[in-house]
Amino acid sequence: MLGMRGVLLRSRHSSRHPSAERVVTTLVSYFRPRVAGLFSSRGMAANASNVGEPKANTNGRFNGRLNGVEGKSPFLIGVAGGTASGKSTVCKRIMEKLGQVDVENAQRQVVSISQDSFYKELTPAERAKAERGQYNFDHPGAFNEDLIYQTLKDILAGKKCDIPVYDYRTNSRCEGQFITIYPADVVLFEGILVFYFPEIRDLFHMKLFVDTDSDTRLARRVPRDINERGRDLEQVLNQYMNYVKPAFEEFCLPTKKFADVIIPRGADNIVAIDLIVQHIREFVVNRNQDQMRNEGHASPSPATSPVHGARRPNTPDVYFKRPH
Ligand SMILES: Nc1ncnc2c1ncn2[C@@H]1O[C@H](COP(=O)(O)OP(=O)(O)O)[C@@H](O)[C@H]1O
Ligand SMILES: Nc1ccn([C@@H]2O[C@H](COP(=O)(O)O)[C@@H](O)[C@H]2O)c(=O)n1
C-alpha cells in the first residue's frame with residue numbers, strides 16, 4: 001500500500017487566495033467575448049491512445065516481432081507539466097512521428113495513457129463541490145496513487161491492462177467503461193503529477209517535462225474546458241485561481257527537477273520532439289534485436305520495426321546503441 005508521504009492534505013480544499021475573486025472578475029471580462037458560442041459536445045477525455053478490441057493478429061507476431069503478447073516489457077516514459085501545457089499534444093506528436101496513429105490498436109507499438117483516468121471516485125459531498133468548481137482536482141490526494149502504481153507495474157510486466165475511462169463533464173469514471181492497453185514497445189504516461197509520487201516516478205525509464213508559460217496555458221485551458229469539458233467561464237477561472245494555479249506551484253512545478261528532458265513550448269518544439277523520437281527508435285530497435293537474438297533468429301533489419309520511421313535501409317546495426 002502506498003502512503004501519502006509529503007502530501008499536504010490541509011491544502012486539498014483550502015487553496016483560496018484572498019485576491020482571487022477580483023482577479024477572476026477581471027479575467028471573466030477578458031475571456032467572455034473570446035469564448036462565447038464555443039460549446040461543443042465533446043467531453044469524454046480519457047487520453048489512452050490504444051483503444052478498442054484487438055483485431056486477430058497473425059500468430060501473435062507483427063513484422064516478425066512479438067506484438068500484443070503478454071510478457072513484453074515496454075520503455076516507459078513519464079510526461080509531466082502544468083495543465084494545458086501540451087502534454088497530450090506532445091504525446092500525440094511522438095506517436096505521429098513514430099507512425100503509430102493509423103496503426104490498428106492491437107498492433108500499436110506506442111501507446112499513451114492519461115493520469116486523469118486515475119482520479120478517485122468522489123463522495124456525494126465532493127461531487128457537489130466539484131459541480132460548483134470547488135473541488136481541488138490538482139492536489140495529489142485527488143489521484144488514486146495505488147491504482148496508478150499497480151497499473152504501471154502491470155504494464156512493465158507486459159500484462160494487458162484495463163484503464164478506467166474518465167468523464168470531465170460528470171467528474172467521474174464512466175461506469176463499466178475501460179480502455180484496454182495491450183503490451184507495447186513504448187508506453188507514454190502523461191499528467192500534471194506523474195512525477196509527484198516517488199514510487200511511481202522511479203518506474204519511468206525516461207522523464208519529460210513540458211514547460212509552457214502560464215499565460216499560454218491559461219489561454220488554452222479556458223476554451224478547452226468550455227468546449228470540451230462542459231464548464232462555464234466563471235467556473236473555469238474560479239477553479240484556476242483557487243486551486244489549479246496554487247497547486248501547480250506547490251506540487252507540479254517542483255517536480256520539474258526530476259525530468260531528464262525539459263521541453264520548452266511543448267508541441268511547438270519540433271527539435272526536442274525529434275530528439276526524443278530518435279531516442280525511442282534506438283531503444284525499440286535495440287530491444288527487438290536483443291529479443292530476436294535471444295530467440296535464435298538472425299538480427300533483424302531496423303526497417304522491419306513498425307517504429308523505424310524514416311531510417312535509411314542500409315544503416316548499419318552498430319549505429320544503434322541501447323540507452324543507459
Ligand atoms: N503548440 C500548440 N499550439 C496551439 N495550441 C495547442 C498547442 N499545444 C496544445 N494546444 C492546445 O491547448 C490545449 C491543451 O493542450 P493539451 O495537449 O491537451 O495539454 P495538456 O495535455 O497538457 O493538458 C488543447 O486544446 C490543445 O489543442
Ligand atoms: N473532473 C476534473 C478532473 C480534472 N480537472 C482538471 O484537469 C487538469 C488536468 O488535466 P490536463 O489535461 O489539463 O493536464 C487539472 O488541472 C484539473 O484541474 C478538472 O477540471 N475536472
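Q: A polar contact is a pair of N or O atoms within 3.5 Å, where pairs within protein must also join a possible hydrogen donor to an acceptor, and residues adjacent in sequence count only through two side-chain atoms; what makes the pairing of Arg221 with ligand 2 such a contact?
A: A polar side-chain atom of Arg221 lies 2.7 Å from an oxygen atom of ligand 2, and this distance falls within the 3.5 Å limit. This is a predicted model, in which local features need pLDDT of at least 70 and side-chain atom pairs count only at pLDDT 80 or more, while totals for chains, interfaces and linings use all residues. Residues are numbered from 1 along each chain as its sequence is written, chains are lettered from A and ligands numbered from 1 in the order in which they are written, and side-chain values use heavy atoms, with hydrogens and water left out.

Q: How do you know how much of ligand 2 the protein buries?
A: The side chain of Arg229 has an N or O atom 3.1 Å from an oxygen atom of ligand 2. Ligand 2 exposes 470 Å² when taken alone, and the protein buries 97% of that, as accessible areas from the Shrake-Rupley method with a 1.4 Å probe. The elements that give two or more residues to its shell are α6 and α7, helices here being DSSP runs of H or I of at least four residues, and strands E runs of at least two.

Q: What makes a residue count as being around ligand 1, and which residues are these?
A: A heavy atom of the residue must lie within 4 Å of the ligand, and the residues around ligand 1 are Gly82, Ala84, Ser85, Gly86, Lys87, Ser88, Thr89, Arg220, Arg224 and Asp268. They divide into one nonpolar, five polar and four charged.

Q: How do you know that the backbone of Ser85 and of Gly86 makes polar contacts with ligand 1?
A: A backbone N or O atom of Ser85 lies 3.1 Å from an oxygen atom of ligand 1, and a polar backbone atom of Gly86 is 3.0 Å from an oxygen atom of that ligand. Of the 550 Å² that ligand 1 exposes when taken alone, the protein buries 70%.

Q: Why is α6 called oblique to α7?
A: α6 and helix α7 (residues 233-252) pack at an angle of about 140°, with their axes 11 Å apart. Angles under 35 degrees count as roughly parallel, over 145 as roughly antiparallel and 65 to 115 as roughly perpendicular, with the rest oblique, so α6 is oblique to α7.

Terms used. Nonpolar A, V, L, I, M, F, W, Y, C, P; charged D, E, K, R; others polar. Axes fitted to C-alpha atoms, helices over the stretch in contact; angles between N-to-C directions.
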